[in-house]
Amino acid sequence: MQQFDSIQLPESAEQLRGEVREFLTSQAARLSPPNSDFTTGHDPEFSRLLGGRGWIGMTWPRAYGGAERSFFERYVVTEELLAAGAPVSAHWIADRQSGPLLLRFGSEAQRSRYLPGITRGECFFSIGMSEPNTGSDLASVRTTATKEVEGWRINGTKLWSTDAHRNHFLIALVRTEPASDNRHAGLSQIIVDLREDGAKVRPIRNMAGGQDFNEILFDEVLVPEDRIIGEPGNGWQQVTSELAYERSGPERFLSAFRVLVEFVRAVGPDAEPRAAAVVGRAVAHLLALRRMSISVAGMLEQGKSPDVEAALVKALGNDFEKLLPEMVRLATLEDFTNNDRWSDFREVYSDTLLLSPSFTLRGGTREILRGVIARGLGLR
Amino acid sequence: MDTRGLLLDTATRIFSDHCDKALLDAAETGEFPERLFGLIRENGFHGLAMTASEVPLIESFLVLKVAGRFALPLPLAEILLGNRWLDRDDRLIAIGIGDATGARNVPWGRLADSVVAVRESGEVALLGDFTVTEGTNLAGEPRDRVVADSVESLELSDDAFSEMALSRVMLMAGALERVLELSLQYVGEREQFGRPISRFQAIQHHMAVMAAEVAAAVRAADAAAQAIEGDRFFLEVAAAKSRVGESVSVVAELAHQVHGAMGFTHEHQLHHFTRRLWAWRDEFGTELYWQTALGSHVAGLGADALWEFIATRG
């Protein structure tokens with residue numbers, strides 16, 4: 001059974017929290033997007049400011065521009081940014097998983113080349129995993145990279161790559177050997193320069209009106225030999241090692257947080273019992289989810305790979321993010337669709353609700369996560 | 001092994017050795033488990049929560065989680081906290097919800113040497129010259145009505161009602177873990193269509209949902225227990241009773257679903273746990289009661305203080 005140890009955040013992390021809040025207060029004009037979703041605000045200037053404070057790549061070695069701080073300190077920075085609705089999308093993937101991946105599997109040359117730029121908030125990464133015919137079944141990717149004298153020749157299509165139309169690099173999962181009986185063999189991760197290599201990036205509008213994710217076409221795109229991350233053929237092991245980073249953070253339960261904030265504002269300090277109960281219920285969920293997420297940060301700090309625990313936090317957190325707008329809309333008899341006092345609530349509620357289908361899809365669907373948990377329980 | 005480990009290990013050994021189906025069935029017919037009660041006294045659990053024991057109070061609540069795992073058919077929470085509040089090692093103390101004439105929902109009030117009445121307001125009283133009308137909760141646990149001729153008000157520094165609510169939180173956390181274990185075992189053994197039902201994705205998803213709910217409930221319960229000496233104990237109990245109660249609704253339902261008709265029989269042990277879960281979530285404040293208390297407090301702090309409240313250190 002999965003254990004989530006009780007952890008008290010260290011004093012150093014709490015001190016840092018104060019600094020982050022102070023910084024956010026000074027950046028108030030850049031905040032207040034209509035929701036607290038981590039994909040909403042893409043603001044390179046804000047990312048550079050964060051990098052200047054040492055808050056990107058915080059846990060990485062100083063040699064690569066990191067701050068050698070703990071996962072708890074990183075946790076505190078990320079949750080403060082999200083809760084405030086800060087525009088974190090530009091550096092988010094690079095900080096959360098591309099950097100750690102390069103640290104673990106990348107060559108010395110790759111680390112020196114990419115990591116310092118990431119920590120400065122100047123170098124942004126996207127993920128290239130899904131394809132038109134590859135969603136949850138990630139091992140079925142068909143994009144190929146073929147070794148030639150001048151480098152790797154890439155052909156195929158990647159899909160749902162968030163911010164690829166404005167980020168610098170993509171880490172693509174590609175097939176470097178023909179598919180065999182071992183579906184997980186022959187896959188590799190390769191770095192693509194989205195501005196130089198000739199891949200065609202086509203933004204795709206989502207149903208909420210946003211234009212964050214993309215289709216990327218590779219038509220005989222040639223990249224230098226040294227763009228392969230780790231050993232060719234080791235892609236599957238590498239991709240799955242990213243998952244604990246990708247799935248356990250506060251972005252997995254805070255996407256709808258601003259809905260609760262605006263609901264509390266609208267109902268006021270003397271909320272009627274129906275409204276108060278919903279606030280209490282949501283807070284109880286948030287407290288438990290946050291503590292579980294911090295427990296996972298503790299496991300990462302100890303050098304563990306808590307894949308199952310991370311899947312569990314994400315599964316619970318995503319369900320809560322979807323439940324929250326549903327809960328609050330039925331907690332008032334007032335017509336919030338047509339009432340000035342509720343206008344801020346209406347905006348964040350509408351925005352979050354329209355984004356909510358993605359919560360249980362991105363980063364591993366609910367169904368895939370349940371499979372991971374079932375495997376952790378020894379059922380498959 | 002550290003002190004806590006030794007304590008919980010001892011509790012686990014005693015409870016697992018004695019809390020079998022026969023004992024649980026017997027207790028439901030009103031038979032007090034004297035021998036087990038004697039063992040609990042002999043092993044020092046009786047006075048564990050008393051100030052004189054010098055054992056931190058949290059340990060008593062962790063023992064209650066173990067008690068929940070085994071559906072211990074004894075009023076251990078009442079014994080622990082009653083002895084603490086009265087500061088005396090009575091043979092059997094019962095604690096119920098205070099009302100105008102005495103107390104309701106008193107576990108084993110019929111055998112109690114002392115009965116304490118706790119009100120939502122936090123007022124605590126020792127009942128005297130009482131008469132008992134026997135009753136049970138939906139798990140078949142004795143829950144008696146006590147009418148008292150005299151009442152002695154007690155001045156406690158403890159938040160008595162919250163401590164009682166936390167006792168139910170810990171019992172539920174332990175029972176939830178057990179229900180998950182029983183379900184995991186059952187789906188691995190039960191075969192249909194020529195294979196264990198654990199091979200079916202529908203069952204795997206049920207189990208994943210249960211595991212997630214149990215993990216959240218246990219984490220919430222532990223947090224409330226940790227907060228016992230802190231200044232937001234009441235609020236952490238509120239959050240835990242709400243969160244754990246929600247888990248109970250999901251986990252008990254799914255546990256019965258994966259156990260099929262077998263789990264619906266009296267002969268199977270599952271219902272000893274699920275019925276207790278259903279009973280305990282209602283005792284000392286339902287989810288709605290605690291959600292309203294917590295939500296009123298948070299709303300009173302204001303929208304811009306909401307995050308500060310959630311971003312607690314512990």
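## Terms and model

A residue is called buried when its relative accessible area is under 20%, exposed when it is over 50%, and partly exposed in between (1.4 Å probe, protein chains only). Welcome to a predicted model, in which local features need pLDDT of at least 70, side-chain atom pairs count only at pLDDT 80 or more, and totals for chains, interfaces and linings use all residues. Side-chain values use heavy atoms, with hydrogens and water left out, residues are numbered from 1 along each chain as its sequence is written, and chains are lettered from A and ligands numbered from 1 in the order in which they are written.

## A covered helix in chain B

Let's start with helix 5 of chain B, residues 76-86 (helices are DSSP runs of H or I, at least four residues, numbered from the N terminus). This helix is mostly covered, with 10 of its 11 residues buried. Among them are L76(B), E78(B), N83(B) and W85(B). Just after the helix, D87(B) has a positive phi of about 50°.

L76(B) is also one of the residues in contact with F15(B) (heavy atoms within 4.5 Å), leaving aside neighbours within four places in sequence. Others in that list include I40(B), V63(B) and F70(B).

## Nonpolar cores

F15(B) turns up again in the largest nonpolar core (buried Ala, Val, Leu, Ile, Met, Phe, Trp, Tyr and Cys residues joined through side-chain atoms within 4.5 Å). Of its 209 residues, F125(A), V283(A), F15(B) and M207(B) touch the most other members. Helix 6 of chain B, residues 160-189, gives the most to this core, with 18 residues. A second, separate core has 16 residues, including A145(A) and V221(A).

## Where the chains meet

Which residues of chain A lose the most area to chain B? The contact takes 50 residues from chain A and 49 residues from chain B, and about 4300 Å² is buried between them (accessible area, 1.4 Å probe, lost on being put together, summed over both). Carbon and sulfur atoms give 66% of that area. On the chain A side, M1(A), R291(A) and L379(A) lose the most, together 17% of what that side buries.

R291(A) also forms a salt bridge with E236(B), at 2.9 Å, N to O. The interface holds five salt bridges (a side-chain nitrogen of Lys or Arg within 4 Å of a carboxyl oxygen of Asp or Glu). Helix 9 of chain A gives the most to the side of chain A that touches chain B, with 16 residues.

Terms used: Buried area = accessible area lost by both parts, 1.4 Å probe. Helix = DSSP H or I, 4+ residues; strand = E, 2+ residues; numbered from the N terminus.
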